[in-house]
Amino acid sequence: MNFGRINALLLKYWYITKNRWDRLFDLFYWPLIDLLVWGFATIYIRQLSQVNLLSSILGGIIIWMFVWRSSQDIAVFTLEDFWTRNLFNLFSSPITTSEFISSILIFSLLRSIVTFSFMTGMAFLIYSLNLFSIGVFNIVVFSLALLIIGWALGVFITGIIFKFGERIQVLAWSVVWGLQPFSCVFYPLSSLPSWAQKIAYYNPITHVFENLRAVVFGNPINWYGVLYSFVGGIVLLILALVFLGFSIEKARKNGLLVRGAD
Amino acid sequence: MKYAVEVRGLTKTYKSFRKKFKAVDNLSFNIKEGEIFGLLGPNGAGKTTTINMIIGILKKDGGKIKILGKDFDENKEELKNIMNVASAYHSLTFVLSVYENLKVYAKLYSVKDYKSKIDELLKEFGIEELKHKKISYLSSGEKTRVALCKALLNDPKILLLDECTVGLDPDISEKTRNYIKKYCSDNKITILFTSHYMFEVEELCDRIAFMSKGKIIKLDTAKNIKKMIKKEVIELNLLKDYPKVKEILKEKGLNIISYESNNLIFEINEKHNISEIIADILKNGIKIEDIHIKKPTLSDIFIKISRGER
């Protein structure tokens, strides 16, 4: 593993981010819109139900960002190389597959931290919500678990892109949102219909949000659930990494790395 | 003898749903250190596939590749650091400026003093003013020059150039060729070069491999390859119509291609002596205004091979 080469790709992703307005929008605009829409909706619901939902809903939105941001960034920054037919130059350089993957994971982490910081700051300014009031340790643990799961999803989607080419790019935007209804981000597991509960129960993301709500409502954390999220996330990440490595090798064999697109 | 590039039994077959296509078929060749080696052939001959396998971006089905005596597969990371490639078909990242792109690649190739190296190359290719322009705003000729800068960033010992002069105007194209030539002799680097421009290959390459259907069908110097076509075409512009000239040539067993408006075109082969033929024509009182001798070019060979003639 050569950190100089990882640094080179981080530099490239930074240049893409700073040179493209849509990549900057990803970081700030959409998270802010989410925060405003859900925040105002929650304020209205709170007035009706007299139950304090602000921390639960907005906290959910803010840390859900770790799944969304990390998975989407991994896929989109890979697609960027497909779109510009740059895979040839990239993979003919000394960069190894592990360095390529590491750089993209690190960059998605950095972007997630930027968006997280922005959202927590805005939540405080607009709604006087201090997310850290539920405990810095809890926030770090929940965020880390979601980040790992987000990485697993992003790496898996990237693997599919390398296997089938950029025609499959719609997955980069849709997989995470397809998973959200079964992740119990804004509502408890018990509120789902029984068939959906069965799916959501095995989803490692669910247990992070169940525990976030537990902390917000003053209930004890179910550490078994947190552990399940971590282990599940790590297992998924390992499987996704193996799949991505296999897909890149396959792309090297069938010429997709050369063609850059199918 | 240690070669810069040794290719042994290289094979690549592309498989789609029901079809198989052998792009490179048991290919073998050596390139000496400091040599400029050309791969020529019609579209689909396997030139680009060969280059892609040598640089490791395309996995080969069989065969061995050695770079400076080392097995490529076993020393990929080390060898890629001393190799580089420029291709007309692949771009750098559009949204990055020329400098940003070159900086990223300089870091990927662990180039130490990258700032001065980038400035030096931009100056050499006459594109200093494009330094902070995004790739997406460049013309195809400018993109090609940036791609060449990228390919020379790490002072490669082995340079692969795949139709890299496509889109360059004649002036820049000539400058680029001269630069490549000078760079190769100054730095003793080895170049594997493909191009559709025959004159370019003839001017640059020490040896040429003609490829067709994934195989090398002729490997030699340009001079020797041109001997594949043994006939030369002679064109005589006569002062007036001389019907006798046809008889003279027929007596010598020469093939007349055409004789119209005092313009006579005929073929000679290696057995004939052109000065004797001209002397005989003049002896018969026939006056010649102009003589053109058309020697076979690499283009003729290229066309011959493309049409499947041997």
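Author: Let's start with a term: domain bounds here come from an automatic or database domain assignment. The model is a predicted one. In chain B, that assignment gives domain 1 (5-226) and domain 2 (232-306), and their centres, taken over C-alpha atoms, are 42 Å apart.

Reader: How do you know that domain 1 of chain B and domain 2 of chain B are in contact?

Author: Two residues count as in contact if their C-beta atoms, placed from the backbone, lie within 7 Å. By that test, twelve residues of domain 1 of chain B are in contact with eight residues of domain 2 of chain B. On the domain 1 side, α7 (198-204), β9 (207-212) and α8 (222-226) of chain B each supply at least two residues. That side of domain 1 of chain B divides into eight nonpolar, two polar and two charged residues.

Reader: Why are β1 and β2 of chain B called paired strands?

Author: Pairing requires at least two bridges found by DSSP. Strand β1 (residues 5-15) and strand β2 (residues 20-31) of chain B have eight, in the antiparallel sense, so they meet the definition. B:Leu10, for instance, stands opposite B:Leu27 in β2(B). The two strands form a hairpin, with four residues between them.

Reader: What makes β12 and β14 of chain B edge strands?

Author: Happily, the strand order shows it: the open sheet of four strands runs β12-β13-β11-β14 (chain B), with antiparallel pairing. β12 (255-260) and β14 (288-294) of chain B each have a single partner strand, so one side of each has no neighbour in the sheet. Neighbouring strands of this sheet are turned by 15° against each other on average, direction ignored.

Reader: And how do you know that β14(B) pairs with β11 of chain B?

Author: The same kind of count applies, with at least two bridges needed. Strand β11 (residues 232-238) of chain B and β14(B) share six bridges, in the antiparallel sense, so the pair qualifies. In β14(B), B:His292 is the bridge partner of B:Glu235. Helix α10 (residues 274-283) of chain B packs on the sheet, touching β11, β13 and β14 of chain B, and its direction makes about 160° with that of β14(B).

Reader: Which element gives the most to the side of chain B that touches chain A?

Author: That is α3(B), with six residues. In total, 28 residues of chain B are in contact with 26 residues of chain A. The chain B side divides into 13 nonpolar, eight polar and seven charged residues.

Terms used: Residues are numbered from 1 along each chain as its sequence is written. Chains are lettered from A and ligands numbered from 1 in the order in which they are written. This is a predicted model: local features need pLDDT of at least 70, side-chain atom pairs count only at pLDDT 80 or more; totals for chains, interfaces and linings use all residues. Ala, Val, Leu, Ile, Met, Phe, Trp, Tyr, Cys and Pro count as nonpolar, Asp, Glu, Lys and Arg as charged, and the others, Gly among them, as polar. Axes are lines fitted to C-alpha atoms, for helices over the stretch in contact, and angles run from 0 to 180 degrees between N-to-C directions.
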